[in-house]
Each structure stands twice: as structure tokens, then as C-alpha cells.
Amino acid sequence: MAEKRTKLKKSMGPGSIWAVAVGSIIGWGCFIQGGLWTQRAGGPLPLFLGFLVGGLLMIVIGYSYSYMIAKFPVAGGEFAYAYKGFGRTASYICGWMLSLGYLSIVALNATALPVLASYLFPGVFNRGYLYTIAGYDVYMGEVALSLFFIVLFGIMNYRGAKSVGNLQLAMVLIMCAAVAVSVAGTVLTGSFDAANLAPAYGAGGKSFGGGFVSILALAPFLYVGFDCIPQAAEEYDFPPQKCKKLIISALIVGALIYGAMALVTDSVLPWQQVLTMKDASGAPVKWHTGAVLDLAMGRLGVGFVAIAVCMGIFTGMNGFFMTSSRLLFGMARAKMLPSAFGKIHPKHKTPSFCVVFVTIICCICPFFGREVIGWVVDMCSVGTAFGYFFTCAGAYILLKKYGDPTDTNRIHPAVAMGGCFISVAILLLLIIPGSPAFMAPQSFIALVVWILLGVLFYYISRKNFMKITKREMDYLILGNVQVVRGMRKGQEPGQVVQGNVVNPKQ
């Protein structure tokens with residue numbers, strides 16, 4: 001049995017893992033969606049509170065993640081936790097719902113590059129008109145720009161996790177510095193004016209509560225990225241017990257950056273006026289945050305925020321490249337995907353086939369236009385809500401069955417149950433018609449199609465992976481770590497046993 005299970009190389013330190021989380025949390029939206037999110041919330045106050053409360057709710061969920069990572073430091077993350085708590089079918093559902101969200105975030109970050117380029121270099125990349133999809137003009141120049149960086153990060157992820165982690169840490173530190181300079185520059189130049197934040201809420205006919213809930217429901221999308229930490233758990237070169245601090249600090253930093261960039265965008269001009277800004281040619285401004293910093297600090301301000309958004313896009317692509325490939329690898333190792341996905345590169349010790357697959361899929365996406373990809377990414381919150389629920393519910397089951405009061409990683413079962421309620425509440429806000437956060441019709445249709453495809457593939461592959469015994473499946477997914485009930489010689493109840501998998505019934 002030991003010969004069947006391939007393992008990833010332990011090569012990533014805590015700094016790299018923290019940077020993967022922060023860089024994945026802060027992507028293109030933080031710097032490009034400014035103004036639009038305020039409009040969605042109906043004012044700055046529900047927007048900031050939505051960011052804050054959303055981050056706090058994710059920290060509650062993060063406690064369950066830290067507990068499960070310490071128990072099961074394996075590739076696959078939520079996929080493995082769903083299996084431990086609920087079995088094979090649940091793990092397949094969790095992995096399927098997460099996979100599209102992760103893949104589409106890579107593509108969406110890549111297609112954010114042309115939006116930035118169109119502001120910094122007008123007319124350079126919107127050449128070679130191809131067609132229009134959903135009102136979005138697709139140009140060969142913009143597609144080529146996206147493809148270049150998708151392939152670049154694909155190659156880097158193919159060649160090794162350690163170098164990717166070090167690059168991620170450097171880019172995140174540059175991004176944080178650029179954000180700090182942008183905020184400080186807005187204040188020191190006297191451009192900040194609190195009066196521009198009025199009306200604080202209620203604009204566009206939205207109530208305070210409705211605006212707040214619409215932002216709160218985005219929390220899984222805004223903060224998706226901290227769950228990159230468990231996906232790479234098998235590659236830690238440090239004790240997995242350290243993950244609690246990494247998760248909490250990454251979420252706090254993410255919330256601060258979201259709030260800071262929203263404040264900059266809304267405070268230089270009356271925030272509703274930002275949405276109607278025109279460029280020199282009289283066309284509507286696409287990049288509101290860049291235009292605002294141009295007013296506040298001149299081209300220097302644009303330069304700093306351009307650095308921040310580039311780092312945000314690159315770290316998002318890099319982080320979700322790693323997350324997507326590790327999720328697919330974990331599912332393949334459990335025989336839920338073709339065996340090719342479970343192959344490890346003999347030299348680089350990376351899931352090379354998974355990386356190539358992610359690269360190919362993401363290279364197709366820019367040809368569909370940014371609007372279509374945006375519909376798919378709206379489903380990301382639904383997928384991550386599934387992942388959050390299975391992780392928290394799995395932690396609750398383990399705590400109730402095998403909880404050891406002396407376990408230093410133990411959390412109170414009420415915390416895990418609270419994470420379950422938060423996950424379900426967010427999911428309901430997204431899928432119940434009439435909810436302030438109900439997804440766009442196109443996104444809902446795409447979600448239904450994705451679920452139907454998942455059901456089809458499940459029944460095609462079910463016969464094969466159901467043949468595997470529970471003992472072997474435990475080993476393939478969870479490795480040589482298993483929580484067992486009862487006592488053996490030299491073992492306390494609930495103790496983690498290292499070695500071959502032990503059936504809890506034995």
C-alpha cells in the first residue's frame with residue numbers, strides 16, 4: 001500500500017505559506033473593483049463593515065482549518081477533511097465545487113491585466129479585434145498578454161514549489177509596501193477628505209442592511225486564499241501546528257488592505273462622482289482607483305498602485321496555480337480522477353501533469369472574454385462555502401468523537417459549529433432568489449450546469465473508486481496519520497497514531 005501513494009516534497013517555509021495566503025486573498029478586485037463595490041453596498045459604511053465582519057467570520061472558520069491541518073497535513077485540504085468527516089461522496093462534492101472556483105480565479109486574475117494595461121498604455125493591447133461576447137470586445141493583443149503570464153506562472157509552478165514560494169513572499173512584501181505608500185501619500189498630500197464619504201449608506205435605494213449583507217456574502221470570494229494554506233500542507237518544512245497564526249494574520253492583513261484601498265478610492269472625490277469619471281478622450285474611466293490616485297499624487301501615485309495591482313494579480317495567479325494543482329493531485333491520488341493527475345515530476349517533485357492541465361484550461365479562458373469569466377467566478381463563493389462547511393463540520397465531528405482535552409491544537413466544538421452556521425448562511429444568501437446577494441442569472445445557470453456535469457462524472461467514475469477498500473482509501477487520502485478511537489498500549493484516547501492507517505473500529 002505504501003508504494004501506491006506518491007508524496008510531494010517538503011520544501012515550503014512558514015513565510016512562503018503566509019505569502020501564498022495573503023497573495024491569494026488580495027487579487028485584482030481589491031485594486032480594480034474600487035467604487036463598484038461601494039456602489040453595490042450603497043455607501044462606504046456598509047462596505048467597510050462588510051469587509052470587517054467578513055474577515056472576522058473567516059477567522060472563526062480559520063480556527064477549524066488550523067485544527068484540521070494539524071491533524072491531517074496532506075494535499076487536498078478541504079477535500080481530505082470532507083472525506084474524514086463524511087466519506088467519499090462528500091469529498092468528491094467538495095473537490096468538484098472547489099475546483100472550478102480555483103481555476104477560474106487564475107483566469108480572472110490573468111484577464112485583469114488587460115484592464116490595467118488599457119489605463120497605463122492606452123491603445124497598445126486592444127489590437128486585433130476578434131469578436132464581442134456578452135458586450136465585451138475581445139482583442140488578440142489582450143488575449144496574448146493574459147496568455148503570456150498564465151504560461152509564465154505555469155512554468156514556474158512546474159519547476160518547483162520552493163522557488164515559487166520565495167517569489168510569492170517577495171511579491172507580497174512589495175504589494176504591502178505599495179499599498180502603504182498609496183494610503184500615506186493620499187493623506188500627506190491633503191487629498192483625503194472625510195466629507196467625500198457621504199452619503200455613508202443608503203445610496204441607490206439600498207438599505208443599510210441590504211448593502212451590508214451584499215458585501216458580507218462576498219466574504220468567501222474576497223477572502224478565498226487563506227484556504228490555500230491547507231492545500232499545500234503536505235509540502236510544509238515546519239510543524240503544521242503553526243498554521244493557526246499564519247491563517248489569522250493573513251486574514252487580518254487582507255482585511256486591512258481591502259479597507260485601506262476602498263478608503264483611498266472613496267475619499268479623494270465624492271464617492272458617487274468617482275463612478276462617473278471620464279478620461280481625456282471623454283470615455284468612462286475603467287480603473288477608478290488609478291484615476292483617483294492620479295488626482296491625489298499624480299503619475300507617481302498611479303505608479304505605486306500599479307505596482308500593487310500587478311503584485312496582487314501575480315500573487316493571486318501564483319497562489320491559485322498551486323492550490324488548483326494540489327487539489328487535483330489529492331483527488332487523483334484517491335482515484336477520483338485519472339491516474340495521470342497523480343504523477344509527480346521525477347526531478348522537480350511537483351504534480352507536473354496537474355500544473356500543465358491548469359495551464360491549458362486557463363489559457364482557454366481569456367478567449368471567452370472577461371464578462372463570461374466573471375459569471376463563472378461568481379460561483380467561487382458557492383464553491384468555497386462548501387469547502388468551509390465540510391472543514392468546520394469535519395472538525396466538529398472529530399472534536400466530539402476523538403477530542404483530547406490535552407491537545408494543544410484543540411478548539412472548542414462550538415467554534416467549529418459556528419463555522420458551519422456561517423458557511424450555510426453565506427451559501428443561502430447566494431442561492432436564494434430575492435436575497436441581496438443572489439448571484440447574477442448567468443452565474444446561477446453556470447452553477448447548475450457545473451453541478452450537472454459533476455453528477456455525470458461522479459456516476460461515470462463511481463464504480464472505480466468505490467471498489468477501493470476503506471482502509472486503502474484512508475491511506476491514499478490521509479496518509480499515515482489517522483485519529484483512532486479507543487486505547488492501545490502506550491496510547492491515550494484520541495491520540496494521533498503515526499504509522500499505517502488504523503481502522504477506528506479495530
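This report walks through a few local features of one protein model, from a lysine ahead of the helices to a pocket and some unusual backbone angles. The model is predicted, so please read every value below as computed from it.

**Starting at lysine 10**

A good place to begin is lysine 10, which sits in the segment before helix 1 (14-25). With a relative accessibility of 55%, lysine 10 counts as exposed. Apart from its neighbours within four places in sequence, lysine 10 is in contact with Glu234, Glu235, Tyr236 and Asp237. One of these partners is also reached by the lysine side chain: the backbone oxygen of glutamate 234 is 3.4 Å away. Lysine 10 also has a counterpart from far along the chain, as its C-alpha atom is 9.5 Å from that of lysine 349, 339 residues apart in sequence.

**Three lysines side by side**

Lysine 349 brings us to the loop between helix 15 and helix 16. Lysine 335 is found in the loop between helix 15 and helix 16 too. The table sets their accessibility beside that of lysine 10.

| Residue | Relative accessible area | Class |
|---|---|---|
| Lysine 10 | 55% | exposed |
| Lysine 335 | 38% | partly exposed |
| Lysine 349 | 37% | partly exposed |

What is notable about the backbone of these two loop lysines? Lysine 335 has a positive phi of about 65 degrees although it is not a glycine. For lysine 349, another residue other than glycine, phi is near 60 degrees and again positive.

A further backbone feature appears elsewhere: the peptide bond from alanine 198 to proline 199 is cis, with omega near -5 degrees. Proline 199 belongs to the loop between helix 8 (161-188) and helix 9 (208-216).

**Helix 19 and its cover**

Helix 19 spans residues 413-431, 19 residues in total. From first C-alpha to last it reaches 28 Å, close to the 27 Å expected at 1.5 Å a residue. Its buried residues include Pro413, Ala416, Gly419, Cys420 and Ile422. Which helices help to cover the buried residues of helix 19? Among them are helix 4 (44-71), helix 10 (219-222) and helix 18 (380-402).

Helix 18 is also home to threonine 384. This threonine is buried, with a relative accessible area of 1%. Beyond residues up to four places away in sequence, threonine 384 touches Leu98, Pro220, Val224 and Asp227.

**Cysteines without partners**

A disulfide is a covalent bond between the sulfur atoms of two cysteines. How many disulfides does this model have? The count comes to zero. Cysteine 243 is in no disulfide, and the nearest cysteine sulfur, that of cysteine 228, is 12 Å away. Cysteine 243 counts as buried, at 0% relative accessibility.

Why does cysteine 420 of helix 19 not form such a bond? The closest cysteine sulfur, in cysteine 392, lies 5.3 Å from that of cysteine 420, which is too far because a disulfide needs the two sulfur atoms within 2.5 Å. Cysteine 420 is buried as well, with a relative accessible area of 6%.

**The second largest pocket**

Finally, the second largest pocket has a volume of about 420 Å³. Its lining is made of 19 residues, of which Trp96, Met336, Leu337, Pro338 and Phe457 lie nearest the centre. The elements that give two or more residues to this lining are helix 6 (88-120), helix 15 (299-333), helix 16 (352-364) and helix 20 (441-465).

Conventions:
Residues are numbered from 1 along each chain as its sequence is written. This is a predicted model: local features need pLDDT of at least 70, side-chain atom pairs count only at pLDDT 80 or more; totals for chains, interfaces and linings use all residues. Side-chain values use heavy atoms; hydrogens and water are left out. Helices (H or I, at least four residues) and strands (E, at least two) are DSSP runs, numbered from the N terminus. Buried means under 20% relative accessible area, exposed over 50%, partly exposed in between (1.4 Å probe, protein chains only). Contact means heavy atoms within 4.5 Å. A polar contact is a pair of N or O atoms within 3.5 Å; within protein, one must be able to donate a hydrogen and the other to accept it, and residues adjacent in sequence count only if both atoms are side-chain atoms. The expected span of a helix is 1.5 Å times one less than its number of residues. On a 1 Å grid over the protein atoms alone, a cavity is a set of points where a 1.4 Å probe fits but cannot get out, and a pocket is an open set with protein on both sides within 12 Å along at least five of seven lines; lining residues have an atom within 4 Å of a point. Grid points are joined across faces, edges and corners, and a volume is the space filled by probe spheres set on the points.
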